[in-house]
Amino acid sequence: MDSKVTIKIPRVLYTKIQHLISESGFNSPTDFIVYVLRDLVGEKEAVKENHEFSAEELKEIKRKLKNLGYL
């Protein structure tokens, strides 16, 4: 089982989330927040994994490597 930590959010936001999920399948604001954060983190990780350098970025990297004597 994963260990857990407590994250504090403004009460106003918590109340808005309670209203938002009142007719959804989420059991609690915590379940909703964890779902949203997992989605955001997963999306960010996917972007990092699929990052391809642009032609300009490659040119700059090659220039730096050349200046350092690697090329």
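1. A pocket, as the word is used here, is an open set of grid points where a 1.4 Å probe fits, with protein on both sides within 12 Å along at least five of seven lines. The model under review is predicted. In this model the largest pocket has a volume of about 600 Å³. As general background, rolling a probe the size of a water molecule over the atoms shows where empty space is left.

2. On the lining: 16 residues line the largest pocket. Those that lie nearest the centre of the pocket are Val 5, Ile 7, Thr 30, Ile 33 and Val 34. Sorted by class, the lining holds 8 nonpolar residues, 3 polar ones and 5 charged ones.

3. Which helices each supply at least two residues of this lining? They are H1, residues 11-21, and H2, residues 29-49. Helix H2 gives the most, with 6 residues of the lining.

4. On the fold: the protein has 3 helices and 0 strands. Read from the N terminus, the order of elements is α-α-α. Helix H3 covers residues 55-67.

5. On overall dimensions: the radius of gyration of the protein is 21 Å, whereas a compact globule of 71 residues would have a value near 11 Å. The C-alpha trace spans about 60 × 25 × 25 Å along its principal axes. A reader should keep both values in view when looking at the separations in points 9 and 10.

6. How much of the protein counts as buried? The figure is 6% of the 71 residues. The accessible surface comes to about 7100 Å², and carbon and sulfur atoms account for 57% of that surface.

7. On aromatic contacts: the count comes to 2 aromatic pairs. In one of them, the ring centres of Phe 26 and Phe 32 are 5.1 Å apart and the planes stand at 90 degrees, so this pair is edge-to-face; the cut-off for that class is over 60 degrees. Phe 26 also pairs with Tyr 35, at 5.5 Å centre to centre and with 55 degrees between the planes, and this pair is tilted. Phe 26, Phe 32 and Tyr 35 together form one aromatic cluster.

8. Is each ring of the cluster buried or exposed, and why? Phe 32 has a relative accessible area of 18% and is therefore buried, because the limit for that class is under 20%. Phe 26, at 28%, is partly exposed. Tyr 35 has 51% relative accessibility, so this residue counts as exposed; the cut-off here is over 50%.

9. On Gln 18 and Phe 32: Gln 18 lies in helix H1 and counts as partly exposed, with a relative accessibility of 37%. Along the chain, Gln 18 and Phe 32 are 14 residues apart, and their C-alpha atoms are separated by 9.3 Å. Phe 32 is the buried residue described above, with a relative accessible area of 18%.

10. Two further separations concern exposed residues. Glu 49 is in helix H2 and is exposed at 67% relative accessibility. From Glu 49 to Asp 31 the C-alpha distance is 27 Å, with their positions 18 residues apart in sequence. Ala 55, found in helix H3, is exposed at 65% relative accessibility. Ala 55 and Phe 26 are 29 residues apart in sequence, and their C-alpha atoms lie 45 Å apart in space.

Definitions and conventions. Residues numbered from 1 in each chain as written. Predicted model: local features only at pLDDT ≥ 70, side-chain atom pairs only at ≥ 80, totals over all residues. Heavy atoms only, no water. 1 Å grid on protein atoms, 1.4 Å probe; cavity = no way out; pocket = protein on both sides within 12 Å on 5 of 7 lines; lining within 4 Å. Points joined across faces, edges and corners; volume = space filled by probe spheres on them. Helix = DSSP H or I, 4+ residues; strand = E, 2+ residues; numbered from the N terminus. Nonpolar A, V, L, I, M, F, W, Y, C, P; charged D, E, K, R; others polar. Phe/Tyr/Trp six-rings, centres within 6.5 Å; stacked < 30°, edge-to-face > 60°. Buried < 20%, exposed > 50% of the residue type's maximum accessible area, 1.4 Å probe, protein only. Rg over C-alpha atoms; globule rule 2.2 N^0.38 Å. Areas by Shrake-Rupley, 256 points an atom, 1.4 Å probe, with all protein chains shown as cover.
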